[in-house]
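Good morning, everyone, and thank you for making time for this. Please bring the sequence and the structure up on your screens, and I will walk through them one part at a time.

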Amino acid sequence: MYTRQGIRDVLENNQLAPKKKFGQNFLVNQQIVQAILHRANPAPEDTIIELGVGLGSMTIPLAARVKKVIGIEIDSGLVRWHAEEHDLPDNVTLIHEDLLKSDFPLLAAQNGGRLKIIANLPYSISNPLLFKLLDNKDIMDSAVLMLQKEVAERLIAAPSTKAYGVLSVLLGACTTVESLMKIGPEQFHPRPKVDSLVVKITFNPLPKQLKQLPDYDMKLLKALVKGAFGQRRKTLLNSLHATGIKNLGKDEVRQVLAEAGLAESRRPDQLTVAEYINLSRIYGEK
């Protein structure tokens with residue numbers, strides 16, 4: 001694990017630099033890394049997919065805890081540096097790839113089942129990755145992610161709060177999200193301008209309360225929720241009518257809301273996850 005000065009030296013001596021386009025922020029505190037791994041609690045028999053290897057500050061101690069680590073790193077300079085240094089343990093496989101283009105189903109098939117992910121994410125790709133995880137929910141076990149605090153708070157927000165939104169509902173429909181620890185800017189090089197929050201998203205096993213929810217079409221639920229929150233200040237009737245889903249007229253949307261037992265004057269951010277799922281089920285029957 002490199003200190004802040006050590007990271008500067010490695011980057012300078014190898015013609016590397018934190019790339020703004022990749023949103024790179026390297027952890028500088030080994031105690032923070034160990035605290036994250038302690039809370040993530042990977043098992044010795046696990047294969048972990050690490051998204052964003054960086055200088056290996058998380059990779060190396062993670063490899064000491066698990067059977068195998070598959071690291072995905074977009075920065076060709078860092079991939080080259082690791083190859084030259086031979087610093088990664090034998091149970092680490094490093095892949096030079098854009099994680100947003102990674103074939104998660106293939107990774108799952110190659111590694112014997114559902115994916116377990118750990119990532120110190122560039123803040124700029126947090127939302128696309130979260131939607132990618134949702135698109136692959138059936139092959140996901142868990143994801144421990146370091147996110148910008150404001151983004152992470154959206155994942156655990158309750159209805160009728162400012163942070164409650166699309167990801168709150170979609171993740172709430174198929175996962176449990178747990179806040180693990182807050183990390184300040186001083187723990188990174190370069191220092192971000194915001195606090196970070198580490199969360200654990202568990203897809204499998206589903207808690208009892210989620211198993212009791214009716215079946216739903218994730219594609220339809222996503223379209224419905226995105227459409228509703230796209231005009232979150234409007235009434236539910238108007239926001240849903242504006243989405244154009246199923247080409248329903250306003251009176252037809254009014255009927256759907258009546259069947260769902262929802263007042264048309266409610267706002268999109270006032271509905272619970274269960275209410276959205278029920279609403280999507282009724283839409284699906286139209």
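Let me begin with one helix, α10, which covers residues 218-229, and with a simple check of its length: at 1.5 Å a residue, its 12 residues should span 16 Å, and the C-alpha atoms at its ends are indeed 16 Å apart, which agrees. I should say straight away that what you are looking at is a predicted model. At the start of this helix, a side-chain oxygen of D217 comes to within 2.8 Å of the backbone nitrogen of K219.

How many of the residues of α10 are buried? The count is 9 of the 12, so the helix is largely enclosed by the rest of the structure. Those buried residues are M218, L220, L221, K222, L224, V225, G227, A228 and F229, and what covers them includes four other helices, namely α6 (126-135), α8 (166-174), α11 (236-243) and α13 (273-284).

Stepping back to the whole chain, we find 13 helices and 9 strands. The radius of gyration is 21 Å, close to the 19 Å that the globule rule gives for 286 residues, so the chain is as compact as a globular protein of that length. Along its principal axes the C-alpha trace spans about 65 × 40 × 30 Å, and buried residues make up 50% of the 286 residues. If we take the contacts between residues at least 6 apart in sequence, 68% of them join residues at least 24 apart.

Now to the sheet, which is open, has 7 strands in the order β4-β3-β2-β5-β6-β9-β7, and shows mixed pairing. Its edge strands are β4 (92-96) and β7 (176-183), each of which pairs on one side only. On average, and ignoring direction, neighbouring strands in this sheet are turned by 20 degrees against each other.

Within that sheet I would like to dwell on β2, residues 47-51, which pairs with β3, residues 68-73, in the parallel sense over 5 bridges. Helix α4 (residues 76-85) packs on the sheet, where it touches β3 and β4, and its direction makes about 145 degrees with that of β4. Strand β2 also runs parallel to β5 (residues 115-120), to which 4 bridges join it. I49 is a useful residue to find on your screens, as it stands opposite I70 in β3 and opposite I117 in β5.

Is β2 mostly covered or mostly uncovered? It is mostly covered, with 5 of its 5 residues buried. In a regular strand the side chains alternate between the two faces of the sheet. Here T47, I49 and L51 point one way from β2, while I48 and E50 point the other way, and all are buried.

I will finish with a single residue outside the strands and helices, S102, which lies in the loop between β4 and α5 (104-110). Its relative accessibility is 3%, and because buried means under 20%, S102 counts as buried. Leaving aside residues up to four places away in sequence, S102 touches I72, E97 and K132.

Conventions:
Residues numbered from 1 in each chain as written. Predicted model: local features only at pLDDT ≥ 70, side-chain atom pairs only at ≥ 80, totals over all residues. Heavy atoms only, no water. Helix = DSSP H or I, 4+ residues; strand = E, 2+ residues; numbered from the N terminus. Expected span 1.5 Å × (residues − 1). Buried < 20%, exposed > 50% of the residue type's maximum accessible area, 1.4 Å probe, protein only. Contact = heavy atoms within 4.5 Å. Polar contact = N/O pair within 3.5 Å; in protein donor to acceptor, adjacent residues only side chain to side chain. Pairing = 2+ DSSP bridges. Axes fitted to C-alpha atoms, helices over the stretch in contact; angles between N-to-C directions. Rg over C-alpha atoms; globule rule 2.2 N^0.38 Å.
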